Amino acid sequence: MRFGGIVALDEVSFDVERGLIVGLIGPNGAGKTTLFNCLSRLYPCDSGDILFDGESLLPVPRHRIAALGIGRTFQNLALFRTMSVLDNVLVGRHCRTHSGFFANAVRLPGVPAEERDTLHKAQLLVGMLGLGAVARARVADLPFGTQKRVELARALAAEPKLLLLDEPASGLNHEEVGALGALIREIRDRLALTVLLVEHHMSLVMSVSDRVVALNFGRKIAEGTPAEVQRDPELIQAYLGTGH
């Protein structure tokens with residue numbers, strides 16, 4: 001992936017096995033969010049391929065990515081701030097509904113049942129993420145940490161097979177980070193998800209990840225278990241410099 005003369009991703013290749021939590025780490029500017037944007041088709045990569053369940057994502061239009069089974073959160077919150085928590089989560093269910101504009105306009109048979117099912121599943125997620133008490137509150141009126149959980153609930157509402165979490169711990173305090181780690185493991189286990197996690201909070205990444213991939217200047221420099229990656233000399237140099 002190039003931006004003018006800058007190579008943001010340089011022959012980066014790794015696998016994310018079904019059911020695992022994989023941490024993606026690296027210093028600022030390493031290419032982590034660029035890679036997420038390629039995975040979710042916000043950026044068209046210049047060369048190479050991206051395979052999901054054995055099929056290339058490159059021909060898939062970006063508006064079909066959620067329905068294909070890939071959900072994500074964003075480094076900077078991308079919520080509908082004037083809408084309620086529940087309505088934000090309901091938006092996430094849109095790719096799992098089938099009745100179109102005409103069916104809803106004339107209230108064809110099946111529409112009320114689909115609406116009830118959509119509401120029920122959204123309410124279950126609101127409860128799972130501890131948002132029941134604020135379900136009807138405007139997102140803009142909620143603390144930052146709570147808004148992070150709303151965005152996570154909206155991503156889960158699309159029933160993804162692969163969940164992309166882009167710096168979910170940014171802006172959270174120590175207690176909230178600890179609770180987030182437990183929550184990531186819980187939703188992976190309860191919903192049978194695969195998780196790819198970009199995060200600067202190293203203790204969170206190392207505690208929840210089954211495997212870790214490290215980038216630096218757009219290249220993959222290390223891959224393995226958390227213990228293996230933490231001992232990698234190229235990773236230590238990228239974070240701490242040659243003196244260490």
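**Exercise 1. Work out how helix H3 (residues 85-92) packs against helix H6 (residues 144-157).**

Solution. Start with the geometry: in this predicted model, the two helices, H3 and H6, pack at an angle of about 30 degrees, and their axes are 7 Å apart. Now classify that angle. Angles under 35 degrees count as roughly parallel, so H3 is roughly parallel to H6. Next comes the hand, and the crossing of H3 and H6 is right-handed.

Then look at who touches whom. H3 brings Val85, Asn88, Val89 and Gly92 to the contact, and H6 answers with Val150, Ala153, Arg154 and Ala157. Sort those residues by class and you get 5 nonpolar, 2 polar and 1 charged.

**Exercise 2. Lay out the open sheet of 6 strands and find its edge strands.**

Solution. Write down the order to begin with: E6-E7-E8-E3-E9-E10, with mixed pairing. The ends of that order give you the edges, strand E6 (70-72) and strand E10 (219-224), each of which pairs on one side only. As you step from one strand to the next, the twist averages 20 degrees.

Now take the E6 end. E6 pairs with strand E7 (residues 162-166) in the parallel sense, over 3 bridges. To pin down the register there, pick glycine 71: its bridge partner in E7 is leucine 163.

Last, add the helices that lie on the sheet. Helix H1 (residues 32-39) touches strand E3 (21-25), E6, E7, strand E8 (194-198) and strand E9 (211-216), and its direction makes about 145 degrees with that of E7. Helix H7 (residues 174-191) packs on the sheet too, touching E3, E7 and E8, with its direction at about 140 degrees to that of E3.

**Exercise 3. Describe how E7 is covered and how E7 pairs with E8.**

Solution. Count the burial: 5 of the 5 residues in E7 are buried, which leaves the strand mostly covered. Then split E7 by face. Leu162, Leu164 and Asp166 sit on one side, Leu163 and Leu165 on the other, and all of them are buried. Note that Asp166 is part of that buried set.

Turn to the neighbour. E7 and E8 run in the parallel sense, paired over 5 bridges. For the register, use leucine 164, which stands opposite leucine 196 in E8.

**Exercise 4. Characterise the E9 and E10 pairing and the turn that joins the two strands.**

Solution. Check the direction: E9 and E10 are antiparallel, with 5 bridges between them. Fix the register with valine 212, whose bridge partner in E10 is glycine 224. Then inspect the connection. The two strands, E9 and E10, form a hairpin with 2 residues between them. In that turn, phenylalanine 217 has a positive phi of about 50 degrees.

**Exercise 5. Give the arrangement and contact make-up of H6 and H7.**

Solution. Go for distance and angle once more: the axes of H6 and H7 come within 12 Å and cross at roughly 10 degrees. That angle makes H6 roughly parallel to H7. As for the hand, H6 passes H7 in a right-handed crossing.

Finish with the residues. From H6 come Gly145, Arg149, Leu152 and Leu156, meeting Glu176, Leu183, Ile187 and Leu191 in H7. By class, the contact of H6 with H7 holds 5 nonpolar, 1 polar and 2 charged residues.

Definitions and conventions
Residues are numbered from 1 along each chain as its sequence is written. This is a predicted model: local features need pLDDT of at least 70, side-chain atom pairs count only at pLDDT 80 or more; totals for chains, interfaces and linings use all residues. Side-chain values use heavy atoms; hydrogens and water are left out. Axes are lines fitted to C-alpha atoms, for helices over the stretch in contact, and angles run from 0 to 180 degrees between N-to-C directions. Helices (H or I, at least four residues) and strands (E, at least two) are DSSP runs, numbered from the N terminus. Angles under 35 degrees count as roughly parallel, over 145 as roughly antiparallel, 65 to 115 as roughly perpendicular and the rest as oblique. A crossing is left-handed if the near helix is turned anticlockwise from the far one by less than a right angle, and right-handed if clockwise. Contact means heavy atoms within 4.5 Å. Ala, Val, Leu, Ile, Met, Phe, Trp, Tyr, Cys and Pro count as nonpolar, Asp, Glu, Lys and Arg as charged, and the others, Gly among them, as polar. Two strands pair if DSSP finds at least two bridges between them. Buried means under 20% relative accessible area, exposed over 50%, partly exposed in between (1.4 Å probe, protein chains only).
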